[in-house]
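This report is a guide for a reader who meets the structure for the first time. Please look over the sequence and the model before reading on.

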Amino acid sequence: SFPTRRSSDLISFLTLIVMVRISPTVLNAPFALADRRFQDLIEDAPDAILRVDPAGTIIIANRTAESMFGYSHEELLGSNVDLFIPMGQRPAHPKHRAGFAHAGAARPMGKGMGDLHARRKDGSEVSVEIALNPVNTGTGIHVTAVVRDVSDRRRVERELEAERALRGQRIEMLARFSAGIAHEMKNPLAIIHARASDLAELAAEGETPPDEVAKTCASIVNTSDRAMRILRGLAALARE
């Protein structure tokens, strides 16, 4: 039994040697798989993700950044992040970058940065929101930027704002129109009231000259027709 046990120990020892030699691959396989999944998650993120070094050089860019800005992966890596800044704001951007890196505080998405635009390769601009996160590395402050395209949201906001403005104009117009209608109706109603009062006085006095009655009634009829025309015009406008 001793030789058999010795043989078994030798096999186990050889197996251990083999496992030790391949351990960097075998033991790290779950971590490598997790890393690949994390990389896929970054690449397929709906927002553009960039990392820049202290000089502003892009060292990481995902696929969304490529499609959002129109650059290839090779064009992005090694380029300066100022590439995305609109021309009018580009001269001041290095100072802003340095100030942010010096502050060393993360900036959440859409906070304290106003209405931002980023420049595409073709020169067009896109409305964006940006989250910034500084990371202190051995080579200085690296900044990770998450850039979100909010063009559609901004467009909807502008459309809603325009609709609210138009609604306000309509309400103001309706108020003026209502005041005009009230004024137009006040005059004929006052005339009808006065003529009817005249007839009431004639009836109270017991004297009702036919000519006077006819004249007063004609005035009431004409004025009523005028009021009806105003009301018909208002009804037609309401239908439109």
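Which side chain meets that of Glu 75 in a salt bridge? The partner is Lys 121, and the N to O distance is 2.8 Å. The pair links distant parts of the chain, with Glu 75 in helix 4 (residues 73-76) and Lys 121 in the loop between strand 3 and strand 4, 46 residues apart. Glu 75 counts as partly exposed because its relative accessibility is 33%. Lys 121 is also partly exposed, at 43%.

**The model as a whole**

The coordinates come from a predicted model. Mean pLDDT for the protein is 79, and 82% of the residues reach 70 or more. Two stretches fall under 50 throughout. Residues 1-5 form one of them, and there the model has zero contacts beyond four places in sequence. Residues 7-31 form another, with one contact beyond four places in sequence. Where pLDDT is low, the predicted coordinates should not be read in detail.

The secondary structure consists of seven helices and five strands. Their order along the sequence is α-α-β-β-α-α-α-β-β-β-α-α. The protein has 240 residues, of which 23% count as buried. Taking contacts between residues at least 6 apart in sequence, 44% join residues at least 24 apart.

**Salt bridges**

Side chains of opposite charge can pair when their charged atoms come close. The whole structure holds 14 salt bridges. Three of them are set out here.

| Side chains | N to O distance | Separation in sequence |
|---|---|---|
| Glu 75 and Lys 121 | 2.8 Å | 46 residues |
| Arg 148 and Asp 47 | 3.1 Å | 101 residues |
| Asp 198 and Arg 195 | 4.0 Å | three residues |

What do Arg 148 and Asp 47 tie together? Their side chains meet in a salt bridge at 3.1 Å, N to O. Arg 148 lies in strand 5 and Asp 47 in the loop between helix 2 (29-43) and strand 1 (48-52), so the pair ties together parts that are 101 residues apart in sequence. Arg 148 is partly exposed, at 33% relative accessibility. Asp 47 has a relative accessibility of 12% and therefore counts as buried.

The salt bridge between Asp 198 and Arg 195 lies within one element, since both residues belong to helix 6 (residues 151-205) and are three residues apart, about one turn of the helix. Asp 198 is partly exposed, with a relative accessible area of 32%. Arg 195, at 30% relative accessibility, counts as partly exposed too. Elsewhere, salt bridges that share partners join Asp 115, Glu 129, Arg 153, Arg 154 and Glu 157 into one network.

**Two helices that cross**

How do helix 6 and helix 7 run, roughly parallel or roughly antiparallel? The axis of helix 6 comes within 9 Å of the axis of helix 7 (residues 210-239), and the two cross at roughly 160°. Angles over 145 degrees count as roughly antiparallel, so helix 6 is roughly antiparallel to helix 7. The crossing of these two helices is left-handed.

**Residues in and between strands**

Ile 49 is a residue of strand 1. Is Ile 49 buried or exposed? With a relative accessibility of 14%, Ile 49 counts as buried. Beyond its neighbours within four places in sequence, Ile 49 has contacts that include Ile 42, Ile 60, Ala 61 and Asn 62, as well as Thr 144, Ala 145 and Val 146. Ala 65 is also in contact with Ile 49; these two residues are 16 apart along the chain, and their C-alpha atoms are separated by 6.4 Å.

His 142 belongs to strand 5 (residues 140-149). His 142 counts as buried because its relative accessibility is 11%. Setting aside neighbours within four places in sequence, the contacts of His 142 include Arg 51, Val 52, Asp 53, Pro 54 and Ile 59. Others among them are Asn 133, Pro 134, Val 135 and Thr 137.

Gly 123 sits in the loop between strand 3 (116-119) and strand 4 (125-137). Gly 123 has a relative accessibility of 29% and so counts as partly exposed. From Gly 123 to Pro 86 the C-alpha to C-alpha distance is 8.5 Å, while the two residues are 37 apart in sequence.

Note on methods
Residues numbered from 1 in each chain as written. Predicted model: local features only at pLDDT ≥ 70, side-chain atom pairs only at ≥ 80, totals over all residues. Heavy atoms only, no water. Buried < 20%, exposed > 50% of the residue type's maximum accessible area, 1.4 Å probe, protein only. Contact = heavy atoms within 4.5 Å. pLDDT = per-residue confidence, 0-100. Axes fitted to C-alpha atoms, helices over the stretch in contact; angles between N-to-C directions. Parallel < 35°, antiparallel > 145°, perpendicular 65-115°, else oblique. Left-handed = near helix turned anticlockwise from the far one by under 90°.
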